[in-house]
Amino acid sequence: MTQEDERWMRMALDVARSKGSDPSTSPLGCVIVRDGQVLAAERNQTHELPDATAHAEMMAIRRACESVGDLELRGATLYSTLQPCGMCTMASIWSKVERVVYGAEGADVHPMYFEAHGIDTLAFVTHAYRDDLTIEGGCLRAECAQLYYGPDADLPKDEQANL
């Protein structure tokens, strides 16, 4: 990771916290950057809209495509505070993002933040549609993980999404 990666991840952290940092609201933040310019900065909006597809990465990809007037984001880097789920990984593939950098990963957070059967999005990309998408994890990992419930948090089942 570079200092630039940390700079953009700090912006993603700020975006994630923009409406509060209660871990029950899944405060994810995403920033998409190309050539040093922010194309989009969005947070998770699933509850507000309500829209199950309104993950931070999906919202940022939509805004970035709108801002450049193209459905392809070649040369762009997507920064996410949490490892993207399968849906967001596919959106990264289809929008032709060049690189995905994420902070915390599944092992750093409660299982409720990921699909119940744990799709390994990294292996999926390796065998999917593109071999030119780079995915790197662990950028400001500890700071990003603090946004979410820890892996061993004792939460009532009815408050756990995806399980």
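Helix H3 is a mostly covered element, with 7 of its 9 residues buried. In this predicted model, the residues of H3 that are hidden in this way are Gly86, Cys88, Thr89, Met90, Ala91, Ser92 and Ile93. Just past the end of H3 comes Lys96, whose phi is positive at about 65 degrees. Lys96 sits in the loop that links H3 to S4, and a positive phi is found here in a residue other than glycine.

A pair of cysteines is worth a look in this part of the chain. Cys88, one of the buried residues of H3, has a relative accessible area of 1%. Cys85 is also buried, at 12% relative accessibility. Are the two sulfurs close enough for a bond, or too far? The sulfur of Cys88 lies 3.7 Å from that of Cys85, its closest cysteine sulfur, and this is too far for a bond, because a disulfide needs the two sulfur atoms within 2.5 Å. The structure as a whole holds 0 disulfides. Cys85 is accordingly in no disulfide, and the nearest cysteine sulfur to it is that of Cys88.

Stepping back to the overall fold, the protein contains 5 helices and 5 strands. Read from the N terminus, these elements follow the order α-β-β-α-β-α-β-α-β-α. The protein has 163 residues, and 46% of them count as buried. About 8300 Å² of surface is exposed, and carbon and sulfur atoms supply 49% of that area. Contacts also link parts of the chain that are separated in sequence: among those between residues at least 6 apart, 68% join residues at least 24 apart.

The interior can be described through its largest nonpolar core, which has 45 residues. Met9, Ile32, Leu73 and Leu82 are the members with the most contacts inside this core. At least two core residues come from each of helix H1 (3-16), S1, S2, H2, S3, H3, strand S4 (99-104) and helix H5 (141-145). Leu82 shows what such a position looks like from close up. Leaving out residues up to four places away in sequence, Leu82 touches Leu28, Glu57, Tyr102, Gly103, Ala104, Glu105, Val109, Tyr113, Phe114 and Tyr148.

Helix H2 covers residues 56-68, 13 residues in total. From its first C-alpha to its last, H2 reaches 18 Å, close to the 18 Å expected at 1.5 Å a residue. Which residues of H2 are buried? They are Ala56, Glu57, Met58, Met59, Ala60, Ile61, Ala64 and Cys65. These buried residues pack against three strands, S1 (29-34), S2 (37-43) and S3 (77-82), and against helix H3 (86-94). Just after H2, Gly69 adopts a positive phi of about 70 degrees.

Strand S3 also holds Thr81. Is Thr81 buried or exposed? Its relative accessible area is 0%, so Thr81 is buried. The side chain of Thr81 makes a polar contact, at 2.6 Å, with the side chain of Tyr148. With residues up to four places away in sequence set aside, the residues touched by Thr81 are Met9, Ala12, Leu13, Ala16, Pro27, Leu28, Gly29, Gly103, Ala104, Cys144, Leu147 and Tyr148. Tyr148 thus appears among the contacts of Thr81, and it is listed among those of Leu82 as well.

In helix H1, Asp5 offers another example of a covered residue. Asp5 counts as buried because its relative accessible area is 2%, under the 20% cut-off. Which residues does Asp5 contact, apart from its neighbours within four places in sequence? Asp5 is in contact with Tyr79, Arg99, Val101 and Cys139.

The last residue to consider is Leu140, which lies in the loop between strand S5 (134-137) and H5. Phi of Leu140 is near 50 degrees, again a positive value in a residue other than glycine. Leu140 has 14% relative accessibility and therefore counts as buried.

Notes
Residues numbered from 1 in each chain as written. Predicted model: local features only at pLDDT ≥ 70, side-chain atom pairs only at ≥ 80, totals over all residues. Heavy atoms only, no water. Helix = DSSP H or I, 4+ residues; strand = E, 2+ residues; numbered from the N terminus. Expected span 1.5 Å × (residues − 1). Buried < 20%, exposed > 50% of the residue type's maximum accessible area, 1.4 Å probe, protein only. Contact = heavy atoms within 4.5 Å. Polar contact = N/O pair within 3.5 Å; in protein donor to acceptor, adjacent residues only side chain to side chain. Areas by Shrake-Rupley, 256 points an atom, 1.4 Å probe, with all protein chains shown as cover. Core = buried A, V, L, I, M, F, W, Y, C linked by side-chain atoms within 4.5 Å.
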